[in-house]
Amino acid sequence: MEHIISVIVENKFGVLSRVAGLFSGRGFNIESLSVAPTLDPSMSMMTIVTKGDDRIIEQIVKQLNKLIDVIKVVDLNESEFVARETALIKVHTKPEDRAEALRITDIFRANVIDSTPTTYTLEVTGDVHKIEAIINLLQPLGIKELARTGRVAIAREPIRPAAVQPKRVAKE
Amino acid sequence: MKLTGAEIFVECLKREGVKTIFALPGGVVLKIFDVLHQQKDVQVILTRHEQGAGHMAEGYAKATGKPGVALVTSGPGMTNVVTALADAYMDSVPLVCFTGQVPTSLIGNDAFQEADNIGLSRPCTKYNFLVKDVNDLAVTIKEAFYVATTGRPGPVLVDIPKDVSMNKAEFKYPGSVSIRGYNPTYDGNKWQIKQAAEAITKAKKPILYVGGGVIFSGASEELLELAEMCQIPVDMTLMALGAFPGEHPLSMGMMGMHGTYWANMAVHYSDLVIAVGARFDDRVTGKVSEFCPHAKVIHIDIDPTSIRKNVNVDIPIVGDCKRVLRELNQILKATVNGEQKELRKPWWDQINEWRRAHPLAYEQDPQGSIKPQHLIKRLYELTKDRDPIVATDVGQHQMWSAQYFKLAKPRRWLTSGGLGTMGFGFPAAMGAQAAFPDQLVLCVAGDGSFQMNTQELATAVVNRLPVKVFIVSNGYHGMVRQWQDLFYESRYASSYLDTTPDFIKLAEAYGAVGLRAAKVSEVDDVIKEALTVNKPVVVDVPVDQHENCYPMIPAGGCNHEMILADPPELKKKQAGVKEAGEDKDTVLTA
């Protein structure tokens, strides 16, 4: 099953390679990885999308925690979360396709961020299905270049009506 | 007052209480060696190869419990020490390895003797540091010792560029350091410990499966108390030998691939496995899906990643073995009474039956060639009163040593477990001898593995490290040959050594003493003679070339399906004679 793991790490050189080395050395897979500093510039947040059964995910979380430069690990799948990805898509547009490209842009609430007589560059943000859907629709027009950020995700703030007890997550 | 990086380095070692380092110089660390040369507090043992330095530091650390320290140069110096780092990482040995690096301005320029020390050592160290500024040197060294020795111990590498050792900075040594991403858990979860105590009280067929973690945490006393109080048999892994007294009636000896029959049978038929400081390595579990199929599993370990990595665990307890066992014993003291002994009588009857059925055995023909087991058994019997430290290399001789040396105390057993590094034993023995100059230090080696670090004979002679090396010479890489016998129809591809040096002459060439036992009747005498010499001694003992090590669980086999002797067709091949009838018990499936 796919899991999104959010990892707070020390913002210093070599940390990315420690995390990447852990995944390659132990045969875990990385679907996508995004890194950027947090509000505190001494730390960075990595959002790692990975796949595995429960035992593998448990090992991934534990092994990440074991790395000395890792400060906090959260498996977002343990609760509700929202995930988004941004894609920049450069589409070939023949004169007769330009209107269609704009219609697709509109449907997906994407933006045109650059334009030439023969191309549009679109920016679209959404969950992974949305990104894949717009790519599918644009493909017949001809995608010249594509850049995706990989997913970032954040836990949903739980809504706790007075009557509902917060669910406790069992830990060792 | 401002000190150079090199002076800061030496000051830091003194503050950490380092008495001995194992080192080999080179261009970028000359400044450090120059400062070391002008002081007397830290002894520098010059090795002949950086791998030797690494293993000596490991032997020192395993025997003392203090971190071992190695210092090597950049490039090839560092790459040569990688094997020792990987070995220490697998076996959780606290090691601080300092490597030289080209000046910071040249890093990344493919300078002379440059290697990416941080990149090379990342997967085989617990942590590593590149010091880019001399002002960070002292705190980095403090952090290195802190990380190496706390939590699950391991090797740490500190890479020091040449200019950092030359530049000056104000010296301040921090009293303590804390790292926000590193907070090992020492105290076990109380509720979980209570669950464990309950399970132990109820179990009819419990077994303790103890690993090297018991030694690192110094939990031998607590282990003894637990085992005696609850009458639980104690299976030891290769790394744990000595954690529990080998001749104690509750000791089952070693478990695993070449463990005793009864140790493996007991773990297979147990209803409660209490794993303490062990990691369910494949050499212990065999076929992991059928490891202790009838048992509930309690797992006590300081490293959370060890838990549920290979097998499912019912009661996981993350914490330091000593603290957890102490707390567990506290609870059990109140609940345990004579009932458990009664409850477990059938279990002990069964274990004793297993013991009687297939004891460790070999046949020594007094006129025939020396059996390796005989040599090792006699070596144990003739030295046990002197409480020796025993180092081994890797292979058949290692397994026989593990079977026949029933060590009474922890930190007497130096062996390479996880990585299985041939060439480990001799330098490791020297490291232990450097720490304990007056103790008897033995090294059991193979004729194959001894040749992997023979050059350190010079180090032993020069530094007066009177290690006693016993070479079990069978002319083969014996364990490889054994696997070829069993799984490759005795096709000895590249396992026959063909020529080995005359080890007596070799020892003498280095200024050590060389001895040999050629006949069974000479074994005792040569051992006694070696013990009287206050110099490094190499004893060459040519043994039966085709003796194999049993019991054996084939890789991936189940623990209760051991091969107990050479299979009949192999025996026939070797003996060239057909002896009907005697082979019926060779492969025993319980």
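**Entry 1: around B:G5**

I began with the surroundings of B:G5 and, leaving aside residues up to four places away in sequence, I found that this glycine touches B:V134, B:L137, B:I160, B:V164, B:S165, B:M166 and B:N167. I note at the outset that I am reading a predicted model. B:G5 has its place in helix 1 of chain B, which covers residues 5–15. Is B:G5 buried or exposed? I count B:G5 as buried because it has 26 C-beta neighbours inside 10 Å, where 20 or more are needed for that label. I also looked up B:D136, which is 131 residues from B:G5 in sequence, while the two C-alpha atoms are 9.7 Å apart in space.

**Entry 2: domains of chain B**

For chain B I took the domain assignment, which gives domain 1 as 2–170, domain 2 as 190–357 and domain 3 as 372–542. I then turned to the pair formed by domain 2 and domain 3 of chain B, whose centres, taken over C-alpha atoms, are separated by 31 Å. Across this pair, 14 residues of domain 2 of chain B are in contact with 14 residues of domain 3 of chain B. On the side of domain 2 of chain B that touches domain 3 of chain B, I find seven nonpolar, five polar and two charged residues.

**Entry 3: helix 11 of chain B**

I next asked how many residues of helix 11 of chain B, residues 261–269, are buried. The helix is mostly covered, with nine of its nine residues buried. Among them are B:Y261, B:W262, B:H268 and B:Y269, and I noted B:N264 in the list as well. The buried residues of this helix pack against several elements of chain B, namely strand 9 (206–210), strand 10 (234–236), strand 11 (251–254), strand 12 (272–276), helix 15 (345–357) and strand 21 (561–563).

**Entry 4: the four-stranded sheet of chain A**

In chain A I traced an open sheet of four strands in the order 2-3-1-4, with antiparallel pairing. Strand 2 (29–37) and strand 4 of chain A stand at its edges, and each has a single partner strand, so one side of each is left without a neighbour in the sheet. On average, and with direction ignored, neighbouring strands of this sheet are turned by 20° against each other. Strand 2 of chain A runs antiparallel to strand 3 of chain A, residues 43–51, and eight bridges join the two; within strand 3 of chain A, I found A:V49 opposite A:S32. Helix 2 of chain A packs on the sheet and touches strand 1 (2–10), strand 3 and strand 4 of chain A, and the direction of this helix makes about 160° with that of strand 4 of chain A.

**Entry 5: the partners of strand 5 of chain A**

I followed strand 5 of chain A, residues 81–92, to its antiparallel partners. Four bridges join this strand to strand 9 of chain A, residues 152–155, and there A:A153 is the bridge partner of A:A83. Eight bridges join strand 5 of chain A to strand 7 of chain A, where A:A87 has A:V124 as its bridge partner. With strand 8 of chain A, residues 143–148, strand 5 of chain A pairs over five bridges, and A:I89 stands opposite A:L146.

**Entry 6: domains of chain A**

The domain assignment of chain A gives domain 1 as 2–78 and domain 2 as 82–153, and their C-alpha centres lie 29 Å apart. Eight residues of domain 1 of chain A are in contact with six residues of domain 2 of chain A. Which strand gives the most to the side of domain 1 of chain A that touches domain 2 of chain A? I found that strand 2 of chain A does, with three residues. By class, this side of domain 1 of chain A has four nonpolar, four polar and no charged residues.

**Entry 7: where the chains meet**

Between the chains, I find 18 residues of chain A in contact with 15 residues of chain B. Helix 1 (15–25), helix 2 (54–66) and strand 4 (70–75) of chain A each supply at least two residues of the side of chain A that touches chain B, and the largest share, seven residues, comes from helix 2 of chain A. That side of chain A has three nonpolar, seven polar and eight charged residues.

**Entry 8: confidence in chain A**

Last, I checked the confidence: chain A averages a pLDDT of 93, and 93% of the residues score at least 70.

Key. Residues numbered from 1 in each chain as written. Chains lettered and ligands numbered in written order. Predicted model: local features only at pLDDT ≥ 70, side-chain atom pairs only at ≥ 80, totals over all residues. Contact = placed C-beta atoms within 7 Å. Nonpolar A, V, L, I, M, F, W, Y, C, P; charged D, E, K, R; others polar. Domains from an automatic or database assignment. Pairing = 2+ DSSP bridges. Axes fitted to C-alpha atoms, helices over the stretch in contact; angles between N-to-C directions. Buried ≥ 20, exposed ≤ 12 C-beta atoms within 10 Å, placed from the backbone. pLDDT = per-residue confidence, 0-100.
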